[in-house]
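Please look at the sequence and the structure shown below, and keep both in view while you read. The paragraphs that follow go from the whole chain to single side chains.

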Amino acid sequence: MKNLLSSLSIAMIVFLLPIVFVFGCSKENEADCCSSGFKVLFQYEYVNYAWGFTHQGWFLDSEGNVKNYSLPENWKNGDDDGYISEDVLLWNYNQCDTVLLKVDLNVLAQKQSMIVETLEGALSEIDCMGADMGSYSYYAFYWDQHKDKYKRQLLSTSGDCSQSNISTAAKTLTTYLKSISEDLMNDK
């Protein structure tokens, strides 16, 4: 009888272990499973080279702080595929000088959980219609444990050229981040 119970216990473990692994780190939980715990979640950036150089924007961190930057010195970009090391992202984030707004942490947690879904969204075709408006862009940051870097995922950009991530999550996140930009404009 003991051998039968022991065999059944081992069989249950062998059967349940893969299920726990698959569902324990599913798409819904992947951001938590794969995050290094860094605090930058989202970014808004405006860049314009017409009539002088303008570079400004804000980061939204995991504590709900919207922190701004304007004409940061020695700004460091990621690679052409949108990957950026944690050190470089931290360098840029530390150039923020003011907390402009604090967002609701419960809402932020819901939005953060949507970041992984944006990775599956294709980008629309680029539509260029201007020459001196600059670019207004919204991004989400996702920790890629395999590359040991962050992926700066484009959600949308507008201005001289427009392009957007067509996933439902990206559209929802863009709407949320635009509402933060509007709140900041209304506070001025």
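The protein has 188 residues, of which 39% count as buried, and the model that you see is a predicted one. Six helices and nine strands are found in the protein. If we take the contacts between residues at least 6 apart in sequence, 64% of them join residues at least 24 apart. Turning to the outside, the protein exposes about 11400 Å², and carbon and sulfur atoms supply 55% of this area.

We can begin with the aromatic side chains. A pair of aromatic rings is described by the distance of the centres and the angle of the planes. Searching the whole structure gives eleven aromatic pairs. In the pair made by Tyr46 and Tyr136, the ring centres are 4.5 Å apart and the planes stand at 35°, so this pair is tilted; the term covers angles that are neither under 30 degrees, which would be stacked, nor over 60, which would be edge-to-face. Because Tyr46 belongs to strand S1 (residues 40-48) and Tyr136 to strand S7 (residues 135-144), the pair ties together parts that are 90 residues apart in sequence. Tyr46 has a relative accessible area of 12% and is therefore buried, whereas Tyr136, at 35% relative accessibility, counts as partly exposed. The reasoning behind both words rests on the cut-offs, since buried means under 20% relative accessible area, exposed means over 50%, and partly exposed is what lies in between.

Aromatic residues also gather in a group: one aromatic cluster is formed by Phe59, Tyr69, Trp75, Tyr93 and Phe141. Two of these residues, Phe59 and Trp75, are touched by Asn92, which also touches Lys76 and Ile84, when residues up to four places away in sequence are not counted. Asn92 itself is found in helix H3 (residues 86-93), and with a relative accessible area of 2% this residue is buried. Lys76, one of the residues that Asn92 touches, lies over the face of Trp91, at 4.4 Å from the ring centre. A further lysine, Lys151, lies over the face of Tyr83, and here the distance from the ring centre is 5.2 Å.

From the rings we can move on to charged side chains. Side chains of opposite charge can pair when their charged atoms come close. The structure holds two salt bridges. One of them joins the side chains of Lys39 and Glu63, with a distance of 3.8 Å from N to O. This pair links distant parts of the chain, for Lys39 is in the loop between helix H2 (27-34) and S1, while Glu63 is in the loop between strand S2 (54-61) and strand S3 (65-70), 24 residues apart. Lys39 is partly exposed at a relative accessible area of 26%, and Glu63 is partly exposed as well, with a value of 41%.

Arg152 and Glu45 also meet through their side chains in a salt bridge, at 3.4 Å from N to O. Since Arg152 lies in strand S8 (residues 149-159) and Glu45 in strand S1, the pair ties together parts that are 107 residues apart in sequence. Arg152 has a relative accessible area of 23% and is partly exposed, but Glu45, at 8% relative accessibility, counts as buried.

Finally, we can look at the surface. Tyr49, Phe53 and Leu71 make a nonpolar surface patch of about 380 Å². Of these residues, Phe53 lies in the loop between S1 and S2, and with a relative accessible area of 43% Phe53 is partly exposed. Leu71 is found in the loop between S3 and strand S4 (83-84), where this residue too is partly exposed, with a relative accessible area of 49%. The backbone of Leu71 deserves a second look, as Leu71 has a positive phi of about 50° although it is not a glycine. Trp51 has a positive phi too, of about 55°, although it is not a glycine. Trp51 has its place in the loop between S1 and S2, and its relative accessible area of 78% means that Trp51 is exposed.

Note on methods
Residues are numbered from 1 along each chain as its sequence is written. This is a predicted model: local features need pLDDT of at least 70, side-chain atom pairs count only at pLDDT 80 or more; totals for chains, interfaces and linings use all residues. Side-chain values use heavy atoms; hydrogens and water are left out. Rings of Phe, Tyr and Trp (its six-membered ring) pair if their centres lie within 6.5 Å; planes under 30 degrees apart count as stacked, over 60 as edge-to-face and the rest as tilted. Helices (H or I, at least four residues) and strands (E, at least two) are DSSP runs, numbered from the N terminus. Buried means under 20% relative accessible area, exposed over 50%, partly exposed in between (1.4 Å probe, protein chains only). A charge sits over a ring if NZ of Lys or CZ of Arg is within 6 Å of the ring centre and within 35 degrees of the ring normal. A salt bridge is a side-chain nitrogen of Lys or Arg within 4 Å of a carboxyl oxygen of Asp or Glu. Patches are made of residues with over 30% relative accessible area and no salt bridge: like charges are joined within 9 Å, nonpolar side chains (Val, Leu, Ile, Met, Phe, Trp, Tyr) within 5 Å. Accessible areas come from the Shrake-Rupley method with a 1.4 Å probe; for residues, only the protein chains shown count as cover. Contact means heavy atoms within 4.5 Å.
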